[in-house]
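Student: I would like to learn how to read the features of a protein model, going slowly from one to the next. Could we begin with what lies on the surface and then work inwards?

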Amino acid sequence: MTSFPGVARAKLFISEYGPVLAVCLAIIGVITIGWAGWIYTHPPTTTVTDNTNKQTIQSTLQTSAVVTGDSALYRQGDRVENQPVYFLSATPDVVLTVQTNVPDEQTVQVDQRIELVMQASHSGEIFWNRSRVLEQEVSTTSDGTVTTMTELNITQLRSQIAPVQAEIGSAGSLTILVSVTASYETNHYSGTLNDQTPLRLSERTYTIDQLTLETIESTPKTREIVVPSRDASAYTLLAGIGVSALLGAGTIAGLYRRREQWGAVRDQLHQNRYAEWISEGRLSAEHGDHHVPVESLENLVDIGIDQSKRVIYDSEREVYAVLDGTFVYHYGGESIWNRNEEE
């Protein structure tokens, strides 16, 4: 009897269900490989936004003054620019210059305005506000630059704000600001830049900080890109399962074609299953007067159980038999009783 009943069961299962199992595995293999291929050819994507047609608009406030008064620092007629501090006795007049840079090689309309703003506040809250336009200019340019200039006499300004400061007194503080506004309209965009910088006055000096205003206009455009890093196991695992299924289908199909060589598989399985009812022995053609062939070993064992007889297995002749008086029930191989009857 076989020492590997599991092998016998596997062979028996393949001999009975091999075609169905092979087809199922082949279908699974084709589907999973196709699925893996689809995943590989359709990688995950993400949406990104590109800023196209960028245009930069920039406005700057710069200061300059010509030395007209007595000074130990400068010579008469010298022009000083963008100084951190100006001396009132040497440079009582300051020139405020606003220059706006826009995209060139296209017609751009720019509206520039320079204002002087005075604000009175108490505990951080503004209770009085006045503004005066020093210069405003609307220009159309195609070379990328628009410049607006105005001159402010600081001595006169001090005289103008003196009554205001006197009236405010200790009730609040007075702040003077230079406000710059630049409105633009390009072939794609329009907008306004606006900011302020303080004008600080003392008894002998004044200061005006430089100012830079900038914006970058663009048109957002979305597109989909493949995610750079992805987990390859998403498709390699499926491909591995598919290949394994196809190999399994091929193996089962090959084994199924050899099923004719497994004539004893069912008998081996039944030998293992009914080992307690089967004994090995030698059978002879002289046994019994009536010889009844049985279609399977399983049926023969059932007969033996019903008759309370054991099944005799002749390993040399590969014949099984149940001896019941003058009756011999037999199965397997080239039966010695069939051969004897033919003779």
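Student: Which element gives the largest share of the nonpolar patch?

Tutor: Before I answer, please keep in mind that this is a predicted model. The largest share comes from α3, which supplies three residues. The patch on the surface is formed by Val30, Ile33, Val243, Leu246 and Leu247, and together these residues have about 420 Å² of accessible area. The elements that give two or more residues to the patch are α1, residues 5–41, and α3, residues 233–257.

Student: Is Val30 buried or exposed?

Tutor: The idea is to look at the relative accessible area, where a value over 50% counts as exposed and one under 20% counts as buried. Val30, which lies in helix α1, has a relative accessible area of 55%, and therefore it is exposed.

Student: Which residues of α3 are buried?

Tutor: A helix can have residues of both kinds in this structure, for while α3 gives three residues to the surface patch, Tyr235, Leu238, Gly242, Ala245, Gly248, Ala249 and Ile252 in α3 are buried. Leu255, also placed in helix α3, is partly exposed, because its relative accessible area is 26%. The C-alpha atoms of Leu255 and Ile14 are separated by 7.5 Å, although these two residues are 241 residues apart along the chain.

Student: What span should the 25 residues of α3 have, and how far apart are its end C-alpha atoms?

Tutor: One reckons 1.5 Å a residue, so that α3 should span 36 Å, and its end C-alpha atoms are indeed 36 Å apart, in agreement with that expectation.

Student: Turning to the interior, which residues touch the most other members of the largest nonpolar core?

Tutor: That core has 35 residues, and the ones that touch the most other members are Leu96, Leu116, Leu152 and Leu199. If we set aside residues up to four places away in sequence, Leu199 touches Leu116, Leu152, Ile154, Leu157, Ile176, Leu177, Val178, Thr207 and Ile208. Another core, of twelve residues, lies apart from this one, and among its members are Tyr274, Val294, Leu300 and Tyr313.

Student: Where does Ser179 lie, and which residues is it in contact with?

Tutor: Ser179 lies in strand β8, residues 173–185, and at 3% relative accessibility it counts as buried. Leaving aside neighbours within four places in sequence, Ser179 is in contact with Arg113, Ile114, Glu115, Val117, Asn194, Asp195 and Gln196. Two of these residues, Glu115 and Arg113, also meet each other through their side chains in a salt bridge, at 3.2 Å from N to O. Glu115 counts as buried at 14% relative accessibility, whereas Arg113 is partly exposed at 22%.

Student: How many salt bridges are there, and what does the one between Asp50 and Arg223 tie together?

Tutor: The count comes to six salt bridges. In the bridge between Asp50 and Arg223, the closest N and O atoms are 2.3 Å apart. Asp50 lies in strand β1 and Arg223 in strand β11, so the pair ties together parts that are 173 residues apart in sequence. Asp50 is partly exposed, with a relative accessible area of 25%, and Arg223 is partly exposed as well, with 43%.

Student: How much of the protein chain is buried?

Tutor: Buried residues make up 34% of the 343 residues in the protein chain, which has six helices and 16 strands.

Definitions and conventions: Residues are numbered from 1 along each chain as its sequence is written. This is a predicted model: local features need pLDDT of at least 70, side-chain atom pairs count only at pLDDT 80 or more; totals for chains, interfaces and linings use all residues. Side-chain values use heavy atoms; hydrogens and water are left out. A nonpolar core is a set of buried Ala, Val, Leu, Ile, Met, Phe, Trp, Tyr and Cys residues joined through side-chain atoms within 4.5 Å. Buried means under 20% relative accessible area, exposed over 50%, partly exposed in between (1.4 Å probe, protein chains only). Contact means heavy atoms within 4.5 Å. Patches are made of residues with over 30% relative accessible area and no salt bridge: like charges are joined within 9 Å, nonpolar side chains (Val, Leu, Ile, Met, Phe, Trp, Tyr) within 5 Å. Accessible areas come from the Shrake-Rupley method with a 1.4 Å probe; for residues, only the protein chains shown count as cover. A salt bridge is a side-chain nitrogen of Lys or Arg within 4 Å of a carboxyl oxygen of Asp or Glu. Helices (H or I, at least four residues) and strands (E, at least two) are DSSP runs, numbered from the N terminus. The expected span of a helix is 1.5 Å times one less than its number of residues.
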